[in-house]
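Here are some worked exercises on helix packing, buried threonines and backbone angles. Have a go at each task before you read its solution.

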Amino acid sequence: MRSPLRLERRLEQPKRLNWVIPLISLVAALILGAIVLWVTGKNPFEVYQRIFERGFAGRRVFSDSLVSATPLAFTGLCAAVAFRMGLINVGGEGQLYMGSLAATWVGITFDNIPTGLMIVLMAVAGMSCGGLYAGIVGLLRARFGTNEIITSLMMNYLAAILLTYLVYNSFSYWRDPVSGNFPSPRAITQRAEWNTFAIFEIGLPIAFLMAIAMGFIIWFIYKRTRFGFEVGVIADSPKAARYAGIRTSSTIVLVMGLSGAMAGLGGAADVGNFRRYMDPKGLELSGYGYTGIVVAALARLNPIASVFVALLMGGLNNAGYSLRGPDFPSGLVGTLQGLILFSAVAGEILIKYRVKSNSRPSEAVAA
Amino acid sequence: MTDQVAVRMSGIVKRFPGVVANDGVDLEIRAGEVHALLGENGAGKSTLSNILCGLYRADEGVVEVAGRQSEFSSPRDALNAGIGMVHQHFRLVPTFTVAENVVLGESDGSLFMNHDQVAARVQELSDRYALAVDPTARIWQLSVGEQQRVEILKVLYRGAKVLILDEPTAVLTPIEARSLFATLRAMGEEGRSVIFISHKLGEVMAVSDRVTVLRGGRTVGTVDTSETSTRDLASLMVGRSVDFDRVVRATPADTDTTVLRVEDVSVTDDRGRVSLHQISFTIGRGEIVGVAGVAGNGQRELAEVISGIRVPIAGRISVMDEELKLGKARAAISSGIAHVPEDRLHTGLAAGHSVEDNLALKNYRSVQISKFRLLKRRAIREQASTLVERYDVKTPDTVTPVRLLSGGNVQKVLLAREFSALPSVLIAASPTRGLDVGAIETVRERLVAAADEGVGVLLISEDLDEILSLADRILVMYEGRIVDDLPATGADRERIGLTMGGSNTTEAVK
Ligand SMILES: Nc1ncnc2c1ncn2[C@@H]1O[C@H](COP(=O)(O)OP(=O)(O)OP(=O)(O)O)[C@@H](O)[C@H]1O
Ligand SMILES: [Mg+2]
């Protein structure tokens, strides 16, 4: 079996590939997308123009994109934090739910404290709850060597079930007491609503600023602190970490905790800045946790880049929604988004390998 | 050996960011010869081999194979032209059989292999070249020496006319090395050529027909082995004479003060078998204790348990009369145990990390390097610059990943860190493996200097000469036990050799 092409591991990875390849990936995605659109009888240029207009151009749409981007920025950070150490935390989804749960409780319970304090309390509650929830996964991994992919995924379902139960199948604190037979979630008090600043008439949610700050903080932690150094060594070589006296187990738990805290903060932001209540159905539909993995991957696990990739994804998502219609099936939107992901992954492979033609021996030796 | 030229490389230039690894190298390999490639660490030997076997592409220069100018863009191309390389790190699939590994990756158009046919062919090759290995055995069952034979078989199976072996003997026991030499000669007699890279001049003298010496990426010269000597080769390589006589101690060991005490330590290995049986011994202040033995007799476990990487099932260890928390690397480090492990690239160093980070790997928690849990990047860099200079590490800068350094320079990074930690006990496993003669001399001097300053050294080595020329006392290990304990001066090589091999000693200790 001979294929005309083969992959060969690169021994030398030129630095400039780090930005050249993602760029090529993006262009490739656009071209592939154009082909798909053209085959389905659409004018690719027109569609791309629409995507741009509805995702990014103009103050209104850009404000909307910021709103969509905020939770993704946090779940992107969640994935980046863990993946950098080789911990595959796919539980951002569940950790975000738990953050939403805790922040909502705070937002309902404290009804006469200043908004600033409220924001801090909700954020801390969301981070703690998401962090603890992820910490369990880390603890299982550190203590018993349990595969974190499986446990974190299972805990996503667990969180979804819990939230649904609290709002729809019980008379819990999170259910609106006046909703009667039509269960609906209970809103946080008005004072608990997070600010959105208007800058040049663009609505900038305070949570998005937090995401940017978090991006820088995490970048700093990983680059400049002892903890970050330890994480890097563990990711590079667990044996060397052990040899150097690095406490791998506790680092795993801490990294998972930090990762979960990011998703949890995303959950708090979702409640405080946008939804105002814990909304199991809405959260499930959005799938922020899973998209966050894509965000982190596209950002090549760079925390600061993650925030901006989230903005791109948020814009594309919004554009996708507005494209949908009788003439534009949602499957096609999904296909376009899939192509972007596909190109990103292909780009990742191209950084590590190079493609070679499988020429015949005689040709290879020829002078 | 004929005068027919199998491979000619001329004017080869290969640049990497910050270094010129090959700077106009000329190399001529005749058909049927064993050609040794010699040179200091970082001289460009591996790079040159990697170009010949198609892993790297030369920036300049010409490669001719059997008189035809060739350019390889992958190892497969090179192999098709009859050139194969055996790397120092094997690329075998542990769960596959020998025969399966031999045919693996050979895409000749067929999806299925004829097991019997392949096994027969492998058997035939292994008989012809004295490469004793069972074609039906699985890789994980084989010793390192046997795995290397499989790598050689792999290359031979594909009909290679020129074999490149990069430091093949670094991982072999002396007996295995001797059998490898027999194989190399058998290949020469059949008209195949061998390029043999080694830092051991004795081996080069014993096995090669001609020697080419590289220095600083350039060819210094090619000489007939019969017309040279180890002394000449050494001075060609490093540009000065090197001698390996017993290094003189400035201060004798003070055995009345114990720096390391190991009592009744038992350990299990990775597969759960007991690999150390109630080991007890002590090291005095400034004493160099050599551990002799064939690899795999518990030496690695001994080093690991003392440095806290492995948890013992029984026993006590104390440093300077203070009992050590066992199985805790951090405790071992802070009580002054330095460790140069056998497996450098994966255990001793984080290969993807920079030289400067690796040099801080053990002391990043100290006040010099970090404050309030923040790293002082500048301090890390300064420490690295000092150490790189003092230990003569050849690297373009301190932020280059260790993985990109030459084999010997990787080892120097590790040694620099461990020596500079001002330890009270230093465990060194084959510290000079992979180093050039000049660097070996330096390391030996440093070991002795450390001992002179009062460090207790545990020198684990398979190289009996090294132990004999450095150690004050020798422990012989066999099957997880110390079977002999004798002073090094006047030690009887014969007796050590025998006890290493497990023959009964009348005075086995404990
Ligand atoms: N992939 C690479 N990227 C950057 N620099 C490299 C790379 N490979 C080798 N070098 C550099 O090229 C020089 C020559 O390295 P090479 O591995 O050929 O030396 P060597 O003669 O095999 O040494 P040793 O005896 O220590 O193995 C070294 O300075 C090394 O750091
Ligand atoms: Mg080398």
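A crossing is called left-handed if the near helix is turned anticlockwise from the far one by less than a right angle, and right-handed if clockwise. This is a predicted model, where local features need pLDDT of at least 70, side-chain atom pairs count only at pLDDT 80 or more, and totals for chains, interfaces and linings use all residues. Residues are numbered from 1 along each chain as its sequence is written, chains are lettered from A and ligands numbered from 1 in the order in which they are written, and side-chain values use heavy atoms, with hydrogens and water left out.

**Exercise 1. Work out how H14(B) and H15(B) are arranged and what their contact is made of.**

Step 1: find the helices. Helices (H or I, at least four residues) and strands (E, at least two) are DSSP runs, numbered from the N terminus. H14 covers residues 407-419 of chain B and H15 covers residues 437-452 of chain B.

Step 2: get the geometry. Axes are lines fitted to C-alpha atoms, for helices over the stretch in contact, and angles run from 0 to 180 degrees between N-to-C directions. Here the axes come within 12 Å and cross at roughly 15°.

Step 3: classify. Angles under 35 degrees count as roughly parallel, over 145 as roughly antiparallel, 65 to 115 as roughly perpendicular and the rest as oblique. H14(B) and H15(B) are therefore roughly parallel to each other, and H14(B) passes H15(B) in a left-handed crossing.

Step 4: list the contact, meaning heavy atoms within 4.5 Å. From H14(B), Lys412(B), Leu415(B) and Phe419(B) meet Ala439(B), Val443(B), Arg446(B) and Leu447(B) of H15(B). Sorted by class, the contact of H14(B) with H15(B) has five nonpolar, no polar and two charged residues. For the sorting, Ala, Val, Leu, Ile, Met, Phe, Trp, Tyr, Cys and Pro count as nonpolar, Asp, Glu, Lys and Arg as charged, and the others, Gly among them, as polar.

**Exercise 2. Do the job again for H3(A) with H12(A), then for H2(A) with H13(A).**

Step 1: H3(A) (residues 59-83) packs on H12(A) at about 60°, with the axes 7 Å apart. That makes H3(A) and H12(A) oblique to each other, and their crossing is right-handed.

Step 2: on the H3(A) side, the contact residues include Pro71(A), Leu72(A) and Phe83(A), while H12(A) brings in, among them, Tyr288(A), Ile293(A) and Val295(A). The contact of H3(A) with H12(A) splits into nine nonpolar, five polar and no charged residues.

Step 3: H2(A) (residues 44-55) meets H13(A) at an angle of about 115°, with axes 8 Å apart. The crossing of H2(A) and H13(A) is right-handed too.

Step 4: Arg50(A) and Ile51(A) are among the H2(A) residues in this contact, and Leu316(A) and Asn318(A) are among those from H13(A). By class, the contact of H2(A) with H13(A) has five nonpolar, four polar and two charged residues.

**Exercise 3. Where do Thr47(B), Thr173(B) and Thr183(B) sit, and which residues do they touch?**

Step 1: set the scale. Buried means under 20% relative accessible area, exposed over 50%, partly exposed in between (1.4 Å probe, protein chains only).

Step 2: Thr47(B) lies in helix H1 (residues 45-52) of chain B and is buried at 11%. Beyond neighbours within four places in sequence, Thr47(B) is in contact with Lys14(B), Phe16(B), Ala21(B), Asn22(B) and Tyr56(B).

Step 3: Thr173(B) is in the loop between strand S7 (162-166) and helix H6 (174-189) of chain B, and is buried at 15%. Not counting residues up to four places away in sequence, Thr173(B) touches Val294(B) and Glu462(B). Thr173(B) and Ala295(B) are 122 residues apart in sequence and 7.4 Å apart in space, C-alpha to C-alpha.

Step 4: Thr183(B) is in helix H6 of chain B and is buried at 1%. Leaving aside neighbours within four places in sequence, Thr183(B) contacts Tyr129(B), Ala130(B) and Leu131(B).

**Exercise 4. What is the phi of Arg300(A) and of Asp264(B), and are these residues buried or exposed?**

Step 1: recall the background. Most residues other than glycine have a negative phi.

Step 2: Arg300(A), not a glycine, has a positive phi of about 50°. Arg300(A) belongs to the loop between helix H12 (288-298) and helix H13 (303-323) of chain A, and is partly exposed at 30%.

Step 3: Asp264(B) has a positive phi near 45°. Asp264(B) is in strand S11 (residues 254-268) of chain B, and is partly exposed at 39%.
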